[in-house]
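Please look over the sequence and the 3D structure below. Then read the short report that goes with them.

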Amino acid sequence: AARGQATHCLEDGMDLAATVLLDHVCVVKLDVARNGARLVDTLSWDCSSDALQPIDFARRLVEDLRLPRGFVREIASQIKAQVHAHRVLMHYVQQMRLTLLAVPPPEPMDPVVDNVHVSVRVGGLQLTDTLSYDVTSPLTPEAFAARVG
């Protein structure tokens with residue numbers, strides 16, 4: 001499949017295209033203070049594209065918000081650092097995905113059947129029985145008892 005296209009679904013109903021998109025979008029949190037002025041903002045950054053450089057974005061943002069020019073370098077620096085950290089993390093996540101895809105599914109377990117001896121006194125009546133229970137079954141003992149009962 002091409003980048004950003006899905007050929008299968010992942011756990012929890014999230015498809016591969018959605019996870020690829022999330023891999024390339026970085027949430028950048030800016031917190032810059034200089035000479036009594038402060039900028040606190042959160043933005044989404046497309047890490048897969050170099051069309052817009054952090055320094056160019058910072059210049060436009062400072063101009064649009066009429067902030068002191070001294071903000072430009074710090075804004076660009078914060079964007080670069082967070083995008084770099086995101087890319088490193090996404091590389092690690094991708095390696096983990098590939099590792100998990102390479103792990104074969106576990107072999108099914110052979111049934112382990114255990115005999116359960118039941119003895120119950122109801123009033124003056126003694127009831128005794130022996131049941132076979134597969135301890136590898138996904139049924140809990142309570143669910144098994146409800147089915148048998």
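The report starts with the whole protein and then turns to single residues and a pocket.

## The whole protein

This is a predicted model. The protein has four helices and four strands. Along the sequence they follow the pattern α-β-β-α-α-β-β-α.

How much of the protein is buried? Of its 149 residues, 18% are buried. The accessible surface comes to about 11,300 Å². Carbon and sulfur atoms hold 56% of that surface.

Contacts can also be sorted by distance along the sequence. Take the contacts with a separation of 6 or more. Residues 24 or more positions apart account for 33% of them.

## Val28 and its neighbours

Start with strand S1, which covers residues 25–34. Val28 lies in this strand. Is Val28 buried or exposed? Its relative accessible area is 0%, so Val28 is buried.

Which residues does Val28 touch, leaving out those up to four places away in sequence? They are Asp41, Thr42, Leu43, Trp45, Ile79, Gln82 and Val83. Ile79 deserves a second look. Val28 and Ile79 are 51 residues apart along the chain. Their C-alpha atoms are separated by 6.3 Å.

Trp45, one of the residues that Val28 touches, comes up again below.

## Gln78 in helix H3

Helix H3 spans residues 71–102, and Gln78 has its place there. Gln78 has a relative accessibility of 15%, so it counts as buried. The cut-off for buried is under 20%.

Gln78 is in contact with Lys29, Leu30, Asp31 and Val32. That list leaves aside its neighbours within four places in sequence.

## One aromatic pair

How many aromatic pairs does a search of the whole structure find? It finds one. The pair is formed by the rings of Trp45 and Phe57. Their centres are 5.5 Å apart. Their planes stand at 90°, so the pair is edge-to-face. The cut-off for that class is over 60 degrees.

The pair links distant parts of the chain. Trp45 is in strand S2, residues 37–46. Phe57 is in helix H2. The two residues are 12 residues apart. Trp45 counts as buried because its relative accessibility is 7%.

## Exposed residues in loops

Now go to the loops. The table lists three residues there, with the place and relative accessible area of each.

| Residue | Place | Relative accessible area |
|---|---|---|
| Asn35 | loop between S1 and S2 | 77% |
| Arg66 | loop between H2 and H3 | 76% |
| Pro108 | loop between H3 and strand S3 (113–122) | 72% |

Asn35 is exposed, as its value of 77% shows. Arg66 is exposed too, at 76%. Pro108 counts as exposed at 72%. The cut-off for exposed is over 50%.

Two of these residues call for a word on backbone angles. Most residues other than glycine have a negative phi. Asn35 is not a glycine, yet it has a positive phi of about 50°. Arg66 is also a residue other than glycine, and its phi is positive, near 55°.

Pro108 brings in another part of the sequence. Pro108 and Thr136 are 28 residues apart in sequence. In space they are 9.8 Å apart, C-alpha to C-alpha.

## The second largest pocket

The last stop is a pocket. The second largest pocket has a volume of about 160 Å³. Which residues line it? The lining consists of Arg59, Val62, Glu63, Leu67, Arg69 and Val72.

Which element gives the most to this lining? Helix H2, residues 54–65, gives the most, with three residues. Phe57 of the aromatic pair is also in helix H2.

What classes of residue make up the lining? It has three nonpolar residues and three charged residues. The lining has no polar residues.

Definitions and conventions: Residues are numbered from 1 along each chain as its sequence is written. This is a predicted model: local features need pLDDT of at least 70, side-chain atom pairs count only at pLDDT 80 or more; totals for chains, interfaces and linings use all residues. Side-chain values use heavy atoms; hydrogens and water are left out. On a 1 Å grid over the protein atoms alone, a cavity is a set of points where a 1.4 Å probe fits but cannot get out, and a pocket is an open set with protein on both sides within 12 Å along at least five of seven lines; lining residues have an atom within 4 Å of a point. Grid points are joined across faces, edges and corners, and a volume is the space filled by probe spheres set on the points. Ala, Val, Leu, Ile, Met, Phe, Trp, Tyr, Cys and Pro count as nonpolar, Asp, Glu, Lys and Arg as charged, and the others, Gly among them, as polar. Buried means under 20% relative accessible area, exposed over 50%, partly exposed in between (1.4 Å probe, protein chains only). Contact means heavy atoms within 4.5 Å. Accessible areas come from the Shrake-Rupley method with a 1.4 Å probe; for residues, only the protein chains shown count as cover. Rings of Phe, Tyr and Trp (its six-membered ring) pair if their centres lie within 6.5 Å; planes under 30 degrees apart count as stacked, over 60 as edge-to-face and the rest as tilted.
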